[in-house]
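Here's a quick tour of a protein model for you to follow on screen. Keep the sequence and the 3D view open side by side while you read.

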Amino acid sequence: MTAGRRVTHWIGGKPFAGEAERRGDVYEPASGRRAGTVDFAGRAEVDAAVAAAKAAFPGWRDASLSQRAQVLFRFRELVHGHRDELARLISAEHGKVVSDAAGEVARGLEVVEFACGIPHLLKGGFSENVSTRVDAYSILQPVGVAAGITPFNFPAMVPMWMFPVAIACGNTFVLKPSEKDPSASVRLAELWAEAGLPDGVFNVVHGDKAAVDALLHHPDVRAVSFVGSTPIARYIYGTAAASGKRVQALGGAKNHMLVLPDADLDLAADAAVSAGFGSAGERCMAISVVVAVDPAGDELMAKIRERVARLKVGPGDHPESEMGPLVTRAHRDKVASYLDSGVAQGATLAVDGRDPDVLGGAGDGFWLGPSVLDHVTPDMDAYRDEIFGPVLSVVRCGSYEEAMELISANPYGNGTAIFTNDGGAARRFQNEVEVGMVGVNVPIPVPMAYYSFGGWKDSLFGDTHAHGMEGVHFYTRTKAVTARWLDPSHGGVNLGFPTSG
């Protein structure tokens with residue numbers, strides 16, 4: 001992003017041409033400098049985007065499944081061809097290293113590829129002769145205008161959990177991305193247009209709570225998808241549901257990694273560091289708590305410290321960087337405060353990342369290096385809160401049963417993992433743990449696109465997870481038809497080869 005660049009909305013197939021009453025600043029986290037501005041939508045801009053989506057809906061709903069699939073295939077190829085450009089945009093505004101940003105684009109593309117199979121995914125059911133010469137069948141139809149409200153930590157991937165499936169199902173879409181890193185969403189809109197998506201099917205409005213509330217209350221928005229913190233997810237769910245909308249609201253997380261004494265501790269230490277500090281810990285599937293069952297704790301901690309000491313912190317575009325800065329200065333300071341409170345409440349600061357060695361120099365960037373708190377207990381703020389940054393807490397337990405009780409008692413239920421060489425223990429864990437996504441010797445158990453993503457308890461509001469078949473069901477309504485046809489008919493002879501269109 002060049003200094004002074006203005007990021008605006010995408011409405012009806014083109015950039016918004018009006019003037020914004022309010023704007024927000026967009027920063028470059030590695031340098032701390034203001035890199036541009038983003039327009040904030042008010043009710044008028046949201047109304048325009050929803051109106052464009054509503055106007056485009058009848059035509060897109062009636063487009064054949066093969067036509068929709070063709071547009072999706074073209075979009076997939078365009079995103080793949082521009083993945084490096086998208087990764088650089090994400091890195092500049094979010095701060096994550098370019099390789100991590102490229103991985104984000106790749107995981108988003110998996111959902112696009114899943115949605116390319118929409119002709120198969122929208123097959124209904126059929127029962128012949130439910131009564132004499134009467135057939136019954138079910139069909140899946142789009143809900144209408146859908147909205148997506150997405151967080152800063154994955155400005156390409158999380159929107160791509162939503163809009164490919166929604167659009168493939170015949171809906172139109174209004175995206176409200178994070179105002180902290182807005183450029184990737186607009187670039188995706190441009191690629192949709194290049195792929196041949198009709199104007200108005202995909203729209204982007206930027207902004208803050210005013211834009212969100214306008215979407216939540218808009219009578220023409222039929223479904224709302226959200227990913228973010230638990231307090232906001234609860235608000236989104238309650239507000240949108242009260243307005244009669246279908247809602248899936250994915251909230252926060254406190255993901256635990258259970259390490260049993262029989263585990264390969266080198267593998268476990270690699271996993272804890274990778275899953276705890278990738279993307280600077282700013283991801284809902286980050287491992288934020290390692291639960292070490294004695295006697296594994298001391299040896300595991302030594303291995304974690306050894307690996308953390310070798311991590312390289314630096315700007316996202318530096319070829320040697322493994323971890324970048326945090327997204328804003330305020331967020332950096334909030335995350336760092338948990339190191340102070342952790343020590344004050346009795347934890348041991350095993351690794352202090354508050355003054356990291358930064359490749360090329362720290363300058364005025366939003367830097368916080370990998371940090372580890374040991375001997376954390378459940379009553380500490382560092383354990384209870386979703387920190388959303390590069391702070392790994394280590395809890396010591398005396399047994400599997402004690403660890404299981406700790407994990408299942410946590411109010412969040414997003415993701416968890418167990419590291420062990422005991423198949424029976426792993427099977428027991430996946431059966432008993434009160435968490436929606438489980439990894440066995442896999443630290444970040446994000447499912448593939450053909451499965452669905454989402455947790456339990458305070459990590460999910462609504463009944464439907466993202467992408468996969470649950471995503472298809474969220475963006476469609478089932479219609480049951482009972483039919484009797486008494487007279488056969490035909491359309492005459494045609495020797496041409498039949499085609500779809």
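**Unusual backbone spots**

H375 is partly exposed, because its relative accessibility is 38% and that class runs between 20% and 50%. Before we go on, keep in mind that this is a predicted model. We'll start with the backbone, then look at empty spaces and finish with strands.

- You'll find H375 in the loop between β16 (371-374) and α13 (381-384). What is the phi of H375 near? It's near 55°, a positive value in a residue that isn't glycine.
- F388 also catches the eye, with a positive phi of about 60° even though F388 is not a glycine. Look for F388 in the loop between α13 and β17 (391-397).
- Is F388 buried or exposed? F388 is buried, because its relative accessible area of 17% falls under the 20% cut-off.
- Next, hop to the loop between β14 (287-293) and α11 (297-308), where P295 sits. The peptide bond from D294 to P295 is cis, and its omega is near 10°.
- Why point these spots out? Most residues other than glycine have a negative phi, and most peptide bonds are trans.

**Empty space: the largest pocket**

- Rolling a probe the size of a water molecule over the atoms shows where empty space is left.
- The largest pocket comes out at a volume of about 890 Å³. Its lining takes in 34 residues, and those nearest the centre are F152, K180, G228, S229 and I232.
- Which elements give two or more residues to that lining? They are α8 (209-217), β11 (221-227), α9 (230-242) and α12 (329-344). The largest share, 5 residues, comes from α9.
- Sorted by class, the pocket lining has 16 nonpolar, 10 polar and 8 charged residues.

**Empty space: the cavities**

- How many cavities of 30 Å³ or more does the structure hold? There are 4 of them.
- The largest cavity has about 110 Å³ of space in it, and its lining is made up of 7 nonpolar, 5 polar and 4 charged residues.
- Altogether 16 residues line the largest cavity, with G281, R283, A286, S288 and F388 nearest its centre. So F388 turns up again here: the buried residue with the positive phi is one of the residues nearest the centre of this cavity.

**Strands: a small open sheet**

- Follow the order β1-β5-β4 and you'll trace an open sheet of 3 strands with mixed pairing. At the edges are β1 (5-7) and β4 (22-28), each of which pairs on one side only.
- On average, neighbouring strands in this sheet are turned by 30° against each other, ignoring direction.
- β1 and β5 (residues 33-40) run parallel and are joined by 3 bridges. To spot one contact, pick R6 and look across to its bridge partner in β5, T37.

**Strands: a β-α-β unit**

- Further along the chain, β19, helix α15 (residues 423-432) and β20 build a right-handed β-α-β unit.
- β19 (residues 415-419) pairs with β20 in the parallel sense, over 4 bridges. Here G415 stands opposite M437 in β20.
- Which residues of β20 (residues 437-440) are on its covered face? Those are M437 and G439, while V438 and V440 are on the uncovered face. That puts M437, the residue opposite G415, on the covered face of β20.

Notes: Residues are numbered from 1 along each chain as its sequence is written. This is a predicted model: local features need pLDDT of at least 70, side-chain atom pairs count only at pLDDT 80 or more; totals for chains, interfaces and linings use all residues. Side-chain values use heavy atoms; hydrogens and water are left out. On a 1 Å grid over the protein atoms alone, a cavity is a set of points where a 1.4 Å probe fits but cannot get out, and a pocket is an open set with protein on both sides within 12 Å along at least five of seven lines; lining residues have an atom within 4 Å of a point. Grid points are joined across faces, edges and corners, and a volume is the space filled by probe spheres set on the points. Ala, Val, Leu, Ile, Met, Phe, Trp, Tyr, Cys and Pro count as nonpolar, Asp, Glu, Lys and Arg as charged, and the others, Gly among them, as polar. Buried means under 20% relative accessible area, exposed over 50%, partly exposed in between (1.4 Å probe, protein chains only). Two strands pair if DSSP finds at least two bridges between them. A crossover is right-handed if, with the strands pointing away from the viewer, the path from the first strand over the helix to the second runs clockwise. Axes are lines fitted to C-alpha atoms, for helices over the stretch in contact, and angles run from 0 to 180 degrees between N-to-C directions.
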